[in-house]
Amino acid sequence: MGERLLKACRVVDCQTLVDGLPPAAKEGHWPDVIASLIAMAEENWAMAGHHLGLLAVSDQSPTNSSAWLARTKLAQQDWVGAERMFTAALTGLGEQVVFWDGLGYAQLQLGRIQSFSHAIANQPTNALYHQSRALEYEHSGNLTTAQHDLWRALTLDASLSTARHHLVRLASLVNELT
């Protein structure tokens, strides 16, 4: 019920629901989990970060607070912080593709692509990973590799208009250079 209220952006109703929970549901770390989710739904990144920070220092946290903190850093466009928190979230977890995706996006903003390459190795049919890596290759001047990744992205998902647009632009650039 609370998840549906959050998705519907009915934060006040969600808080009322939480207030009505029995005392046992409010013990331990769950109040911080709930408060962080509500704050994230409200896009109150400072409050979400506060509650997630409390969870991050606990050995008994019921959630991967580093991953959630990383998502708040992405939302705030704090690429360095997001990279740091996703790296912490991945420590000991191995192949959690969703975390590699977030790390890849943060690193893309910092001009690095190694995490997208790792995500592609683990999920080679994800067209968006190929498109994102291609955009970074394009930005770094590696036009041939960018074209290859864009073609791969379009092969996997022909509806990617961004990939199509960049592929046309790159073809024009390559023709000018030759």
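1. A good place to start is how the chain folds back on itself: residues 24 or more positions apart account for 40% of its contacts with a separation of 6 or more. Please keep in mind as you read on that this is a predicted model.

2. On secondary structure, the chain has 11 helices and zero strands. Following the sequence from start to end, you will meet the pattern α-α-α-α-α-α-α-α-α-α-α.

3. Now for burial and surface. The chain has 178 residues, and 40% of them count as buried. Its accessible surface comes to about 10,100 Å², and carbon and sulfur atoms contribute 56% of that area.

4. One helix pair deserves your attention. Two packed helices are described by the angle between their axes and the distance between the axes. For helix H5 (residues 65-75) and helix H6 (residues 79-90), the axes come within 8 Å and cross at roughly 165 degrees. Angles over 145 degrees count as roughly antiparallel, so H5 is roughly antiparallel to H6. The crossing of H5 with H6 is left-handed.

5. If you would like to find this contact in the viewer, select Ser66, Ala67, Leu69, Ala70, Arg71, Lys73 and Leu74 on the H5 side. Their partners on H6 are Trp79, Gly81, Ala82, Met85, Phe86, Ala88 and Ala89.

6. What kinds of residues make up the contact of H5 with H6? They divide into 10 nonpolar, two polar and two charged. The charged ones are Arg71 and Lys73, both from H5, while the polar ones are Ser66 of H5 and Gly81 of H6.

How values were computed: Residues numbered from 1 in each chain as written. Predicted model: local features only at pLDDT ≥ 70, side-chain atom pairs only at ≥ 80, totals over all residues. Heavy atoms only, no water. Helix = DSSP H or I, 4+ residues; strand = E, 2+ residues; numbered from the N terminus. Buried < 20%, exposed > 50% of the residue type's maximum accessible area, 1.4 Å probe, protein only. Contact = heavy atoms within 4.5 Å. Areas by Shrake-Rupley, 256 points an atom, 1.4 Å probe, with all protein chains shown as cover. Axes fitted to C-alpha atoms, helices over the stretch in contact; angles between N-to-C directions. Parallel < 35°, antiparallel > 145°, perpendicular 65-115°, else oblique. Left-handed = near helix turned anticlockwise from the far one by under 90°.
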